[in-house]
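Student: I should like to take a close look at a single part of this structure. Could you please guide me through one helix, its surroundings and its place in the contact between the chains?

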There are 2 protein chains.
Amino acid sequence: MAWVYLSRVVHGPCAALSALIESVGVLEAARAVRESALPESLREPTERRRGIDTAARDLELIERLGGRVVTPDDPEWPAWRLLGLTQLDAGRDRDGAIPLVLWVRGPRSLLESSERAVAVVGARCSTAYGNQVTGEIVSELAAQGWTIVSGAAFGIDGMAHRAALAVDGPTIAVLACGVDRPYPAQHERLIDEIADTGLVVSEYPPGAAARKHQFLARNRLIAALADGVLVVEAGLRSGARNTVKWSRRLGRPALAIPGSVNSAASVGCHRMIRDGEALLVTRAEEVIDEAGPLRLSLPDGARADNPADALSGDEALIFEALPVIGSRRPSELADQSGLPLSAVRAVLPALELAGLIGAGENGWHRTASPRSTTPR
Amino acid sequence: MAWVYLSRVVHGPCAALSALIESVGVLEAARAVRESALPESLREPTERRRGIDTAARDLELIERLGGRVVTPDDPEWPAWRLLGLTQLDAGRDRDGAIPLVLWVRGPRSLLESSERAVAVVGARCSTAYGNQVTGEIVSELAAQGWTIVSGAAFGIDGMAHRAALAVDGPTIAVLACGVDRPYPAQHERLIDEIADTGLVVSEYPPGAAARKHQFLARNRLIAALADGVLVVEAGLRSGARNTVKWSRRLGRPALAIPGSVNSAASVGCHRMIRDGEALLVTRAEEVIDEAGPLRLSLPDGARADNPADALSGDEALIFEALPVIGSRRPSELADQSGLPLSAVRAVLPALELAGLIGAGENGWHRTASPRSTTPR
């Protein structure tokens, strides 16, 4: 109830509030917001709606939709997926913050669905070419067990979801409005279908309308929930370029499909490839090659023969904190790395997925020989 | 006559012979070859044909065709264009050598025509898309005074020449056979047309047939005579990739046009872009941006705000040998840089074209402020 109340109050990501919750707990944070017993940075974002508490009704509503609220306390919370956003926090914009909660419809576990996922996004005004390529690549990715993350928009987004559904593949639609308010309205049926077998996700509470800045914030979630972003078609000012920017800030590969130089719907893709913002790919195999688990931690386009060499930030600290032989418990790793326990716990699964560490009775250990990367 | 005799004997590039000529002069070199008074390295390449002297007949033949032999002694010899090949010599393959002579048909000066030139090459099995894009980009380049260099082959090559001819633009066809033996035969009329207003060039003597390895050697001349290579379409095993390789070895930009991922004729372009061998471009303006004179000396993809910083090899040595204020004569630059006078003379025009130096009564001087490069 406290989470739901706060989600309604701040209406989207709020780094300062997430930090307050992390330090005093969600109940105490909710009390502080209610009473406006807050540091300066939190007054403004909470002032307007702190008097509104529709938590009970919101919960009832989401349950009636067959949905749920997933909070950072839940086992389903995709902690290590969203960790990159925490690291961006320190930085620039409010929109880069970790989501407060996620409103979710659909039968799958968000944590598991996002474990091997590719975001497929692009032009709303897609062409027959873009639709066809989306269909082929998504079918192949979905058939190989990759979850397709997209934004349920017209054009490439919708095509990506549909192609995944067509092969019974998992797909996640991340909305910029409440999960009860399908946007665009013409995609109501598509979004319902996604909710039936995949997941519909939003950080905005039920009833929230889609506002412009929310699309930009939504794009960061699309990027965060996937191993990489594939842009199939994009005009010069496409929102896909924004998603690519988030992907790169999160250190994940951004990929783009080339097309005819006569097609306005490929201009954005060509520009991103030309400017080194995205790597040219032409088929599913190349997408997997780039978005595969070992690429996870590689910063912008970097490569490494030994994946451990490519680690940075918390991942590097925690890997370094593990002895070459022997195991360590998370609490020991926290002590040794100087990182909070929550950060240690969030990073360990990523290192495991990359084949660098394993878990045993006595805690975590380095694996004997990390899987080597595919040479290009 | 000595040059022509030697051209017939070695039948293509021969670094060892070029070096011998450079050191003892062409007459003495011809005598040595005739008498087989040669170092080991020159015995084998000259043994088979040193007894054949058809120089007088060859000269008569080329004159009858309205052509000429251009030798390194001639003012028309594109010395600084071919300098890169001299520098490759030290290295690996015989095919990388500077040409001994060039057999030329056509009314233009080879030196002047190759001053602002783009090589446009690609698939013999081009598509309607490739032909259309070649036509548009070449028309624009030719209209802006760029010479189009290509190989007169079917597909993109032929289209590139035709598009240049259509706007009365200068175009150079570099053949892998004698200039009197049009290859492919079906392009005889096209090649004649090019010879009427542009240039048809070969390093092989009249009558020489097109052999496989000669195409690879020919590709290096296409790359060497241009400021950059543009590949419009290329299959996976296209010869265009070989031309791109030469372009990169010569430190000049390699550019490629994207296309449909469904088109086999674009697979090679996509591969080169993906592997960082070529930069994606979509229109003439972008080609000029990359191939413009200031890119000349930049090695593989490097950029610099101050063009002088980007110099390397002989160009850097000679630029450094110039005082910040004051002039130096070529002989002084040779003394100071430790380079032979011929190398100094070959490099100076390139530095001038890059806007880094100028010539005056007292020799060469650094320009006050080098033109700055276009930011990307």
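Tutor: In this predicted model, the buried residues of α13(A) are A:Val267, A:Gly268, A:Cys269, A:His270, A:Met272, A:Ile273 and A:Arg274. The helix is thus mostly covered, with seven of its eight residues buried. As a general point, nonpolar side chains in soluble globular proteins tend to be buried together.

What do these buried residues pack against? Within chain A, their partners are β7 (229–231), α12 (240–249), β8 (254–256) and β9. From chain B, α13 (267–274) and β9 (279–280) also pack against them. Just after the helix, A:Gly276 takes a positive phi of about 75 degrees.

The partners from chain B lead to the contact between the chains. To this contact, chain A and chain B each bring 14 residues. On the side of chain A that touches chain B, the elements giving two or more residues are α8 (128–143), α13 (267–274) and β9 (279–280) of chain A. Of these, α13(A) gives the most, with three residues. By character, the residues on this side of chain A divide into eight nonpolar, four polar and two charged.

Finally, consider the largest nonpolar core, which has 244 residues. Those that touch the most other members are A:Val118, A:Val231, B:Val118 and B:Val231. Leaving aside neighbours within four places in sequence, B:Val231 is in contact with residues including B:Val121, B:Ala240, B:Val244, B:Cys269 and B:Met272.

How values were computed
Residues numbered from 1 in each chain as written. Chains lettered and ligands numbered in written order. Predicted model: local features only at pLDDT ≥ 70, side-chain atom pairs only at ≥ 80, totals over all residues. Contact = placed C-beta atoms within 7 Å. Helix = DSSP H or I, 4+ residues; strand = E, 2+ residues; numbered from the N terminus. Nonpolar A, V, L, I, M, F, W, Y, C, P; charged D, E, K, R; others polar. Buried ≥ 20, exposed ≤ 12 C-beta atoms within 10 Å, placed from the backbone. Core = buried A, V, L, I, M, F, W, Y, C linked by C-beta atoms within 7 Å.
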